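I'm opening a fresh notebook page for this one. The plan is to look things up a piece at a time and jot down what turns up.

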Amino acid sequence: MKFAIVFAALFAVALAAPADVEILKNESDVGPESFQYAYETSDGAKAEAQGQVRNIGSEQEALAVQGSFSYISEDGQTYKVQYTADENGFQAYGDHLPVAPEA
C-alpha cells in the first residue's frame with residue numbers, strides 16, 4: 001500500500017505538466033516490497049527513483065528510496081538533485097544547494 005501511495009503521488013506530478021509538454025519516457029515497476037520509476041518530458045525534466053522496504057516485519061521497517069530529478073529553469077540553467085530518503089531522513093545533494101559549513 002505504501003508503494004501505491006508514493007507511486008501515485010509521483011506519477012501525478014509527472015502528468016501535471018503543462019499541455020504543450022510531451023511525455024517522452026514513462027517507465028515504472030511497482031511490487032509489494034520495491035518499486036522503480038523513470039520519466040522524461042519534452043521540456044527537459046527528468047526523474048528516476050528506486051526504493052525498497054528494509055527490515056520487513058520488524059519494528060524498524062522502513063522504506064528506503066534513492067533517486068534524482070532534473071529540470072531546465074526559465075533562464076536555461078539545468079538543475080539536478082540527487083537524494084536518498086530512509087530511516088535517517090531525507091538527504092538531497094546538488095551543485096546549487098547550500099552546504100553546511102564544516103565544523
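Which residues does A49 touch, leaving out those up to four places away in sequence? I looked them up, keeping in mind that this is a predicted model. The list for A49 reads F35, Q36, Y37, V65, Q66, G67 and Y83.

**Entry: the core.** Several of those names came back when I checked the largest nonpolar core. That core has seven residues, and A49 is one of them, together with F35, Y37, Y39, A47, V65 and Y83. I then asked which strands supply it: β2 (34-41) and β3 (46-54) each give at least two residues. The largest share is from β2, with three residues.

**Entry: the sheet.** Next I wanted the strand order. I found an open sheet of six strands, running β1-β2-β3-β4-β5-β6, and the pairing is antiparallel. Which strands stand at the edges? They are β1 (23-30) and β6 (89-93); each has a single partner strand, so one side of each has no neighbour in the sheet. I also noted the turn between neighbouring strands, which is 10° on average with direction ignored.

A reminder to myself: strands of a sheet pair through backbone hydrogen bonds, and this can be parallel or antiparallel.

**Entry: β2 against β3.** Since both strands feed the core, I looked at how they pair. How many bridges join them? I got seven, in the antiparallel sense. For F35, the bridge partner in β3 is G51. F35 is also on the contact list of A49, so I've put a mark beside it.

**Entry: a pocket.** I moved on to the second largest pocket, with a volume of about 160 Å³. Its lining is made of K25, A38, Y39, E40, K46, A47, E48, S68, F69, S70 and K80. β2, β3 and β4 (62-72) are the elements that give two or more residues to this lining. Two names I already had down are Y39 and A47: they belong to the core and they line this pocket too.

**Entry: H96.** Last stop was H96, which sits in the segment after β6. Is H96 buried, partly exposed or exposed? Its relative accessibility is 35%, so H96 counts as partly exposed; the partly exposed range lies between 20% and 50%. What does H96 touch, again leaving out residues up to four places away in sequence? I found Y79, K80 and V81. H96 and Y79 are 17 residues apart in sequence, yet their C-alpha atoms are 7.3 Å apart in space. K80 had already come up, as one of the residues lining the second largest pocket.

Conventions
Residues numbered from 1 in each chain as written. Predicted model: local features only at pLDDT ≥ 70, side-chain atom pairs only at ≥ 80, totals over all residues. Heavy atoms only, no water. Core = buried A, V, L, I, M, F, W, Y, C linked by side-chain atoms within 4.5 Å. Buried < 20%, exposed > 50% of the residue type's maximum accessible area, 1.4 Å probe, protein only. Helix = DSSP H or I, 4+ residues; strand = E, 2+ residues; numbered from the N terminus. Contact = heavy atoms within 4.5 Å. Pairing = 2+ DSSP bridges. Axes fitted to C-alpha atoms, helices over the stretch in contact; angles between N-to-C directions. 1 Å grid on protein atoms, 1.4 Å probe; cavity = no way out; pocket = protein on both sides within 12 Å on 5 of 7 lines; lining within 4 Å. Points joined across faces, edges and corners; volume = space filled by probe spheres on them.
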